[in-house]
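Hi everyone, thanks for coming along. I'd like to walk you through a structure for a few minutes, so have a look at it first.

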Amino acid sequence: MAEKPRSVVGQLSDERGAALKPSQALVADAQHATLRTVATATLLAVVMNEPSEAATAALLSRFGGLRRLCRAGRQQLKDCSAVTDRQAGILAALAELFDRFAAETLPAGQALQSPADTCEFLTVRLRDKPFEVFCCLYLDNRHRVIRFEELFRGTIDGASVYPREVVRAALAVNAAAVILAHNHPSGLPEPSKADQELTVRLRNALGLIDIRLLDHIVVGDGHCVSMADRGLI
């Protein structure tokens with residue numbers, strides 16, 4: 001059984017008996033603990049420079065977890081009196097770092113190892129968008145990543161996604177294959193009829209210039225659906 005993440009804040013004190021701040025506690029506890037065993041509220045207290053772990057635990061509970069807390073808008077955080085302007089900025093920076101970390105998980109030139117890897121990458125990039133985003137992964141003839149690009153925002157249907165723009169973008173990077181992706185802000189990744197019709201249009205358009213459409217992945221809240229797996233490509 002995995003060890004339950006534990007709190008170190010409030011458990012340690014310095015030689016004078018004064019309670020250590022979270023960052024100090026982590027340093028003092030480093031000789032017999034790893035960060036993986038430390039509670040999320042404690043790590044968040046360190047990042048936010050928040051002396052009270054109870055305060056960060058309350059924030060995590062209020063927003064429903066670390067991901068939703070970091071994705072919260074400025075106004076939402078401003079309405080929460082426990083968060084200072086500086087701390088709100090730190091959370092926004094943390095969310096941006098999450099995105100940049102995700103972007104580096106599929107660097108240019110790396111071959112896609114499995115559909116699961118692709119879904120994981122796309123889920124991290126798209127699951128928290130409050131609006132629909134249509135993206136393309138451009139691949140070479142060995143299915144190595146050339147580029148990941150966001151092309152359209154808004155309602156993803158036949159009226160808002162232009163096949164000529166997808167074709168133009170694929171030609172610009174000399175792609176041999178393409179994986180399409182978009183998110184459903186509702187959290188439900190089930191492909192709609194409009195999604196299926198759009199996929200057929202894009203497959204046919206790309207096929208005219210000998211670029212293969214490998215998949216169209218729909219991203220929900222924490223999971224995704226591959227249209228190729230459903231036999232819809």
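**A pocket, some rings and a few charges**

Let me start with an open space: the second largest pocket holds about 280 Å³. Before I go further, please keep in mind that this is a predicted model.

So which residues line that second largest pocket? The lining is made of Arg67, Arg68, Arg71, Ala72, Ala95, Glu96, Asp99, Val124, Arg125, Asp128, Lys129 and Pro130. If you'd like to find the place by its helices, look for helix H4 (66-71), helix H6 (85-103) and H7, each of which supplies at least two residues of this lining. As for how one finds such places, rolling a probe the size of a water molecule over the atoms shows where empty space is left.

Now to the aromatic rings. How many aromatic pairs does a search of the whole structure find? The count is 3. A pair of aromatic rings is described by the distance of the centres and the angle of the planes, and I'll give you both for two of the pairs.

Take Phe121 and Phe148, which make an edge-to-face pair, with 5.2 Å from centre to centre and 85 degrees between the planes. This pair links distant parts of the chain, with Phe121 in helix H7 (residues 115-126) and Phe148 in strand E2 (residues 145-153), 27 residues apart. Is Phe121 buried or exposed? Phe121 counts as buried, because its relative accessibility is 4% and the limit for buried is under 20%.

Next come Phe134 and Phe152, a tilted pair whose centres are 5.9 Å apart and whose planes make an angle of 50 degrees. Phe134 sits in strand E1 (residues 133-139) and Phe152 in strand E2, so this pair ties together parts that are 18 residues apart in sequence. Phe134 is buried, at a relative accessible area of 0%, and Phe152 counts as buried as well, at 12% relative accessibility. There is one more ring to add here: ring pairs join Phe134, Phe152 and Tyr162 into a cluster.

Let's move out to the surface. Leu171, Leu208 and Ile209 form a nonpolar patch there, and together they have about 310 Å² of accessible area. To locate it, start from Leu171, which lies in helix H8 (residues 163-172).

On to the charges. Side chains of opposite charge can pair when their charged atoms come close. In this model there are 6 salt bridges, and I've picked a few to show you.

One of them joins Arg144 and Asp140, with 2.7 Å between the closest N and O atoms. Here Arg144 is partly exposed, with a relative accessible area of 31%, whereas Asp140 counts as buried at 15%.

Another pairs Arg153 with Glu150, and the closest N and O atoms are 2.4 Å apart. In that bridge Arg153 counts as exposed at 53% relative accessibility, while Glu150 is partly exposed at 34%.

Then we have Arg230 and Glu190, whose side chains meet in a salt bridge at 2.8 Å, N to O. Which parts of the chain does this pair tie together? Arg230 is in the segment after strand E5 (224-226), and Glu190 is in the loop between strand E3 (177-183) and helix H9 (193-207), so the pair ties together parts that are 40 residues apart in sequence. Arg230 is partly exposed, with a relative accessible area of 42%, and Glu190 counts as partly exposed at 47%.

There is also a network: salt bridges that share partners join Arg68, Arg127 and Asp221. You may remember Arg68 from the pocket, where it is one of the lining residues.

Last stop, the backbone. Two residues deserve a look here.

Asn49 has a positive phi of about 55 degrees, although it is not a glycine. You'll find Asn49 in the loop between helix H2 (40-48) and helix H3 (53-63), and it counts as partly exposed, at 48% relative accessibility.

And where is His143? His143 lies in the loop between E1 and E2. Its phi is positive too, at about 65 degrees, although it is not a glycine. His143 is partly exposed, with a relative accessible area of 31%.

That's my tour, and I'm happy to go back to any part of it.

Technical notes:
Residues numbered from 1 in each chain as written. Predicted model: local features only at pLDDT ≥ 70, side-chain atom pairs only at ≥ 80, totals over all residues. Heavy atoms only, no water. Phe/Tyr/Trp six-rings, centres within 6.5 Å; stacked < 30°, edge-to-face > 60°. Helix = DSSP H or I, 4+ residues; strand = E, 2+ residues; numbered from the N terminus. Buried < 20%, exposed > 50% of the residue type's maximum accessible area, 1.4 Å probe, protein only. Patch = residues over 30% accessible without salt bridge, like charges linked within 9 Å, V, L, I, M, F, W, Y side chains within 5 Å. Areas by Shrake-Rupley, 256 points an atom, 1.4 Å probe, with all protein chains shown as cover. Salt bridge = Lys/Arg side-chain N within 4 Å of Asp/Glu carboxyl O. 1 Å grid on protein atoms, 1.4 Å probe; cavity = no way out; pocket = protein on both sides within 12 Å on 5 of 7 lines; lining within 4 Å. Points joined across faces, edges and corners; volume = space filled by probe spheres on them.
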